[in-house]
Amino acid sequence: MIPIVIVGNRAAVGDPEAPGDTWVGDLEGLVRVVARLEAATHPRWLVSSSREALEPLVDVGVRVQRCWDITEVHRILHGGWAADLGRAWAGAHGLDLATLPTPRRDDLFDHGAADLPTAGLTQPDGHLRPDLFDGSATDDQLRALTTVLSRTAALQEQQAGRLGPRTVAAAHSESAAAMLCVELAHDGLPIDRPTAEDLVSRAVGPRPRDEMEAARVRAARDDQVLRLAPGRGHTDLRNPVQVRELLATVGVTVPNTRAHVLEPFRTTHPLVEALLQWRKDERIATTYGYRWLDDHVHHDGRLRGGWTACDGAAGRMTAQNGLHNLPAQLRPAVAAEPGHVLVRADLGQIEPRVLAVVSGDRAFAEATRADDLYAPVAAKLGVERPVAKVAVLAAMYGQRSGAAGRALGDLERAYPVAMRLLDDAYESGVARRPLRTWGGRRINLDTMMVDADDGSRGRFARNAVIQGSAAELFKAWAATVRHATAPLGAQIVLCLHDELLVQAPEDRAGEVVDAVGQCLTDSARRWSGRSGAPQPSDPDAVRFVADTSVLHRWSEAKG
């Protein structure tokens, strides 16, 4: 691993084998050094944080293939969100995180270190000295920081290795996901701005000239609902208590006004349908309206926001500025740029297929050979497919009421190994025992959901061990797609839970589709820890599938 350290406008590229050969210079020099080494050998770059170390490179067009991200690996090994170089050093050395010295700034690389030799990097208790990150960086200080990175990563690699090869692989793919996050934040999601403006206008009216006009438009939108309940024009539709009272006047009594609660009453009274539509339009008006377009869709037609590789819980990727929450009404505005198409790939029934791998349940693995795994499960249970689907999802989310609860008993008899794994996770949640995902990510149930009741904590743990493992597979897949499709001129523009959106040159769309499918096979094999391609005769083989299509607009996708 070759460490990269950046402090202000100074940088160092270290050599872990020969610290005296460490290069030190300005950012322009760093770009030249990294570009040259990347082209020559494609090394694994060692960084404290991909965002801090790789963002300056991505900004000037330098993209690397591999890295080891110390903060992301710390999150895998120790759980939670809090991660910086001082914390990672402590975790790697087995020091008590509760005794961490407090740095003067949140960003450890905002400032350089004191003028210290390598031997003086730590306090008597073994923690990195907090003043290591104060002041202006000298060449010796930059060299010292490369040594800190190298020592920390070497110990992390040992710790991951003790957990097993899957955790080492997870460290690699997690680091690749962090690297991809830097690129996603830089590149953005292609948006057809005129279409976006039109869709917003349809939902909330023309762009208002001032606040007075905005208030008139808002009142007119409210009136579309309130006119269906004469005499209730004073109701504030943004107040849930008043909305419940409004609904009661037309005979609709509900415990709360959430959309899924109101949905069954759509045909009861026109007011309900109008209210549900108002909710969608109001969300666009307040969150995804004209100001959102102005603030986040840039002059080049790209929607940009920050990305993170881990949510601090089970490990899903997250994004800001609507990239992960874009309303379906606005999806027609997500469009490929001229000469390009969008290749959309959505993992099918990912969590139950992951459950088959994680549990090692051969009977459940057999069900994954089908395109629709719920069909063989239904046949085995002797129930309709919808009941089988609800039962499997309920098992992973801890629901035990209704039709799902009645089918769970049969599910436990048919697939006892898979159900036992979920029950064990539930018991760990109740007992506040930490869990690890298939790839080794620690889920700290002793510090998470501290105010939740036992049942809620157990249900969270039951799903987190599967959702977290699925997130690992997804990130391994995304990293593989990134690497395989770049030579085709393609670019990942969105990672959404279990869905990838790749912009590709129109004349290479077929190649990109094939590559995405092959990448799923390859990454699933590596993630599951199997040495070869899945064989139909292998009783443990689990099949993963993706629905892949070529689109011009995201809204063209089915489902």
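**Start of α19.** I looked first at the start of α19, where a side-chain oxygen of Asp453 comes to within 3.0 Å of the backbone nitrogen of Gly455. I note that the model is predicted.

**Length of α19.** I then checked the span of this helix, which covers residues 454-485. At 1.5 Å a residue, its 32 residues should span 46 Å, and I find the end C-alpha atoms 46 Å apart, so the two agree.

**Bend in α19.** I followed the axis and found a kink of about 30°, centred on Ala464.

**Surroundings of α19.** Is α19 enclosed or open? I counted 26 of its 32 residues as buried, so the rest of the structure largely encloses the helix. Buried here means under 20% relative accessible area.

**Helix α5.** I ran the length check on α5, residues 139-163. Its 25 residues should span 36 Å at 1.5 Å a residue; I get 37 Å between the end C-alpha atoms, which agrees. Just after α5 I noted Gly164, with a positive phi of about 130°.

**Positive phi outside glycine.** I turned to Gln349, which is not a glycine and yet has a positive phi, near 50°. I place Gln349 in the loop that runs from β10 (340-348) to α13 (350-359).

I also looked up His497, another residue that is not a glycine, and read a positive phi of about 60°. His497 sits in the loop between β13 (491-496) and β14 (499-505). How exposed is His497? I have its relative accessible area as 39%, so I enter His497 as partly exposed. The class of partly exposed lies between the cut-offs of 20% and 50%.

**Whole protein.** I went on to the overall make-up and listed 20 helices and 15 strands. The radius of gyration is 26 Å, close to the 24 Å that the globule rule gives for 559 residues, so I enter the protein as being as compact as a globular protein of that length. Along the principal axes, I have the C-alpha trace spanning about 80 × 65 × 55 Å.

**Burial and surface.** I have 51% of the 559 residues down as buried. For the accessible surface I wrote about 24600 Å², with 51% of that area belonging to carbon and sulfur atoms.

**Contacts.** What share of the contacts with a separation of 6 or more comes from residues 24 or more positions apart? I noted 64% for the protein.

Note on methods:
Residues numbered from 1 in each chain as written. Predicted model: local features only at pLDDT ≥ 70, side-chain atom pairs only at ≥ 80, totals over all residues. Heavy atoms only, no water. Helix = DSSP H or I, 4+ residues; strand = E, 2+ residues; numbered from the N terminus. Expected span 1.5 Å × (residues − 1). Bend = angle between axes of the 7 residues up to and from the residue. Buried < 20%, exposed > 50% of the residue type's maximum accessible area, 1.4 Å probe, protein only. Polar contact = N/O pair within 3.5 Å; in protein donor to acceptor, adjacent residues only side chain to side chain. Rg over C-alpha atoms; globule rule 2.2 N^0.38 Å. Contact = heavy atoms within 4.5 Å. Areas by Shrake-Rupley, 256 points an atom, 1.4 Å probe, with all protein chains shown as cover.
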